[in-house]
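The following paragraphs lead the reader through a single model, beginning with its confidence and proceeding to its strands, helices and cores. Please keep the sequence and the structure in view while reading.

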Amino acid sequence: MLTNKSILVTGGTGSFGRGFVRTVLARHPDVRRLVIFSRDELKQFEMQQEFPTARHPGLRYFIGDVRDEARLHRALEGIDIVIHAAARSSPWGTRDDYRRQNVDATRHVIDWCRRRPHLPRLVEGQGIEKHLHFLLQPAQGRAGGAGRHPVLLERPAHHAVERRG
């Protein structure tokens, strides 16, 4: 399934992203490219120590923020599979901060995927809703943080499903 595929993981240095990368590298050594997209330079440096590109030649580290649409689109060039795991879950910030990070950025990812006819149709129907809900569920359950605005986390998925029909 992942043979010769290019995968981008937003939030690739977070707990889900790091675990996903570890699993892909262990189970699918024939993946063509695995891009770790994250704004956290320190965590990317730490991951480079654990997963060096000399040992994993298909691994790429890409500094960027999912709120920066141009940077995100650059990272998505040539990508076959998108794992969107970036989310704001800290207890600090305003409602607008959560909206930009969790809703607007997710909408950018969904819209980009829709414009790529070569991508598998996982973005269609309830599939995207289930995948986004799975990735964002842990953040919703925390005290404070994203738990204060759980509806913000689900809107892009519901919006995508409604627009797809």
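What pLDDT does the chain average, and what percentage of the residues score at least 70? The model is a predicted one; its chain averages a pLDDT of 75, and 70% of the residues score at least 70. Over residues 121–158 the pLDDT stays under 50, and the model has 67 contacts beyond four places in sequence for this stretch. Residues 160–165 also stay under 50, with 14 such contacts. Where pLDDT is low, the predicted coordinates should not be read in detail.

The strand pairing may be followed from E1. Strand E1 covers residues 6–10 and strand E2 residues 33–38; the two run parallel and are joined by five bridges. Within this pairing, Leu-8 stands opposite Val-35 in E2. Between the two strands the chain passes through H1, and the resulting β-α-β crossover is right-handed. E2 also pairs with E3, again in the parallel sense and over five bridges, and here Phe-37 stands opposite Phe-62 in E3. Helix H2, residues 41–50, completes a right-handed β-α-β unit with E2 and E3. Of the six residues of E2, five are buried, which leaves this strand mostly covered.

Attention now turns to the interior. In soluble globular proteins, nonpolar side chains tend to be buried together. The largest nonpolar core of this model has 15 residues, of which Ile-7, Val-21, Leu-34, Ile-36, Phe-51 and Leu-59 touch the most other members. At least two residues of this core come from each of E1, H1 (15–27), E2, E3 (59–63) and E4 (81–84). The helix H1 gives the most, with three residues. A second, separate core comprises 14 residues, among them Leu-8, Phe-37, Ala-75 and Leu-76.

Ile-7 illustrates the contacts made in the largest core. Neighbours within four places in sequence aside, Ile-7 is in contact with residues that include Phe-20, Val-24, Leu-34, Val-35, Ile-81 and Ile-83.

Is Phe-20, then, buried or exposed? This residue is found in helix H1. Because its relative accessible area is 21%, and buried requires under 20%, Phe-20 is classed as partly exposed. A nonpolar core is a set of buried residues, so Phe-20 does not qualify as a member. Phe-20 nevertheless touches Ile-7, Val-9 and Ile-83, not counting residues up to four places away in sequence. Phe-20 and Val-9 are eleven residues apart along the chain, and their C-alpha atoms are separated by 8.5 Å.

Definitions and conventions
Residues are numbered from 1 along each chain as its sequence is written. This is a predicted model: local features need pLDDT of at least 70, side-chain atom pairs count only at pLDDT 80 or more; totals for chains, interfaces and linings use all residues. Side-chain values use heavy atoms; hydrogens and water are left out. A nonpolar core is a set of buried Ala, Val, Leu, Ile, Met, Phe, Trp, Tyr and Cys residues joined through side-chain atoms within 4.5 Å. Buried means under 20% relative accessible area, exposed over 50%, partly exposed in between (1.4 Å probe, protein chains only). Helices (H or I, at least four residues) and strands (E, at least two) are DSSP runs, numbered from the N terminus. Contact means heavy atoms within 4.5 Å. pLDDT is the predictor's confidence in each residue, from 0 to 100. Two strands pair if DSSP finds at least two bridges between them. A crossover is right-handed if, with the strands pointing away from the viewer, the path from the first strand over the helix to the second runs clockwise.
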